[in-house]
Amino acid sequence: MARGICIFAEHWNGEISPAVFELLTAAKELKEQLGEPIQIMLASASCDTLIEQMNGMPVDEIYAVKLEKDICFQEDVLAKVYAQMLEKIQPGCVLIPADDMGRSLFPRVAYRLSAGLTADCTELKAARREDGTFYIRQIKPSFEENTKVCICCKENRYPQMMTVREGIYEACEASEGQKRPEVRYMDVEASGKSGIELLEMLPLDESAGSLQSAEVVVVGGRGTLEKDNFQLMEQFAEKLGAAIGGTRPLMDMGKIPFDHQIGQTGCTIRPQICISFGASGAIQHTEGIKNTRLFLAVNKAEDAPVFQVADYGAVMDMNPVLTCLLEELNETGK
């Protein structure tokens with residue numbers, strides 16, 4: 001019988017992806033409901049280094065395959081490796097980061113296993129059937145991002161696989177008293193020529209990831225496309241040392257890159273402070289900022305949905321508000 005909550009330990013340059021530690025928090029919640037062990041699976045040329053990064057984490061079992069060399073982008077070969085691993089581990093479910101690698105690699109794995117795969121989950125809930133087997137209620141946005149749906153894999157079809165959006169769960173922190181997990185090295189067939197050739201590696205854009213790690217974020221909506229509102233918002237964010245995010249209209253107009261679009265089709269953030277200007281607050285946007293510690297919103301429409309999720313709101317035209325804030329910051333020398 002399938003057992004365990006397995007996490008795909010995505011890694012790059014000898015470092016476990018931060019998203020994996022978020023998935024550990026999700027797995028802990030599922031374990032509290034089910035009592036199933038938390039498992040990690042990884043395939044790498046530097047398994048020992050990656051396994052050490054799991055010290056202090058609430059992991060019960062680690063399954064590893066030692067590769068001759070890392071083949072992070074050769075997903076046709078990697079899919080064979082992870083499919084074989086899952087056939088041997090036989091977990092009840094697999095949690096996968098909903099990033100470029102997870103979205104590209106695991107549909108191939110699911111196909112090989114004839115298993116279900118739900119993409120971009122924002123919430124996971126567990127339940128058991130009368131026969132003792134468990135299933136995951138996989139909740140995600142759907143219908144053009146305007147509502148949520150709950151998906152369950154077919155009964156007796158394992159593993160249940162799901163990609164989980166980054167930023168939904170807080171990263172799990174190491175504990176000194178945590179028992180070290182049992183490590184099991186596996187032998188799988190990892191040979192075969194890949195149809196993917198890596199030609200060049202470019203440096204990461206300096207702004208990539210800055211939005212999700214920022215403590216203060218200034219968010220612009222469609223209203224910032226009017227007058228000189230966007231320029232004023234940029235100046236305000238610069239004065240605060242804040243990152244800039246926005247809704248889809250700003251991305252469509254080229255004001256912000258896709259990496260800085262916030263919402264169900266963009267990224268999820270959890271800053272200490274989020275200040276929103278001219279965003280109506282549709283669910284597909286506010287889902288990406290619902291975990292903000294302090295959420296302030298400015299919108300001239302009194303019935304804007306954003307006021308239902310904001311901690312504080314101002315029904316005002318953003319232009320005079322931003323102008324006044326900039327004058328105040330200039331006077332204080334900030």
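The exercises below concern the overall build, the nonpolar cores and the cavities of a predicted model.

**Exercise 1. Overall build**

Task: Determine how the radius of gyration of the chain stands to the globule rule.

Solution:
1. The secondary structure to be packed consists of 9 helices and 17 strands.
2. For 334 residues the globule rule gives 20 Å, and the radius of gyration of the chain is 22 Å.
3. These two values are close, so the chain is as compact as a globular protein of that length.
4. Along the principal axes, the C-alpha atoms fill a box of roughly 65 × 50 × 40 Å.
5. Of the 334 residues, 49% count as buried.
6. Among contacts between residues at least 6 apart in sequence, 66% join residues at least 24 apart.

**Exercise 2. Nonpolar cores**

Task: Find which residues of the largest nonpolar core touch the most other members, and list what I40 touches.

Solution:
1. The largest nonpolar core has 35 residues; I7, I40, L42, L95, L124 and I136 touch the most other members.
2. Helix α1 gives the most to this core, with 8 residues.
3. Leaving aside residues up to four places away in sequence, I40 touches I7, A9, V20, M54, V59, E61, I62 and Y63.
4. Another core, of 30 residues, lies apart from the largest one; C6, A43, V77 and Y82 are among its members.

**Exercise 3. The largest cavity**

Task: State how many cavities of 30 Å³ or more a search of the whole structure finds, and describe the lining of the largest cavity by class.

Solution:
1. The search finds 2 cavities of 30 Å³ or more.
2. The largest cavity has a volume of about 70 Å³.
3. Its lining is made up of F8, H11, A43, S44, L67, D70, I71, C72, L78, Y82, M101 and L105.
4. Two or more residues of this lining come from each of β4 (38-44), α3 (75-89) and α4 (100-113).
5. Sorted by class, the lining of the largest cavity has 9 nonpolar, 2 polar and 1 charged residues.
6. A43 and Y82 belong to the core of 30 residues and also line the largest cavity.

**Exercise 4. The second largest cavity**

Task: Identify the helix that supplies the largest share of the lining of the second largest cavity.

Solution:
1. The second largest cavity holds about 30 Å³ of space.
2. A19, E22, L23, P97, V164, R165, E166 and Y169 line this cavity.
3. Helix α1 (residues 18-34) supplies the largest share, 3 residues.
4. By class, the lining of the second largest cavity has 5 nonpolar, no polar and 3 charged residues.

Conventions. Residues are numbered from 1 along each chain as its sequence is written. This is a predicted model: local features need pLDDT of at least 70, side-chain atom pairs count only at pLDDT 80 or more; totals for chains, interfaces and linings use all residues. Side-chain values use heavy atoms; hydrogens and water are left out. On a 1 Å grid over the protein atoms alone, a cavity is a set of points where a 1.4 Å probe fits but cannot get out, and a pocket is an open set with protein on both sides within 12 Å along at least five of seven lines; lining residues have an atom within 4 Å of a point. Grid points are joined across faces, edges and corners, and a volume is the space filled by probe spheres set on the points. Helices (H or I, at least four residues) and strands (E, at least two) are DSSP runs, numbered from the N terminus. Ala, Val, Leu, Ile, Met, Phe, Trp, Tyr, Cys and Pro count as nonpolar, Asp, Glu, Lys and Arg as charged, and the others, Gly among them, as polar. A nonpolar core is a set of buried Ala, Val, Leu, Ile, Met, Phe, Trp, Tyr and Cys residues joined through side-chain atoms within 4.5 Å. Buried means under 20% relative accessible area, exposed over 50%, partly exposed in between (1.4 Å probe, protein chains only). Contact means heavy atoms within 4.5 Å. The radius of gyration is taken over C-alpha atoms; the globule rule is 2.2 Å times the number of residues to the power 0.38.
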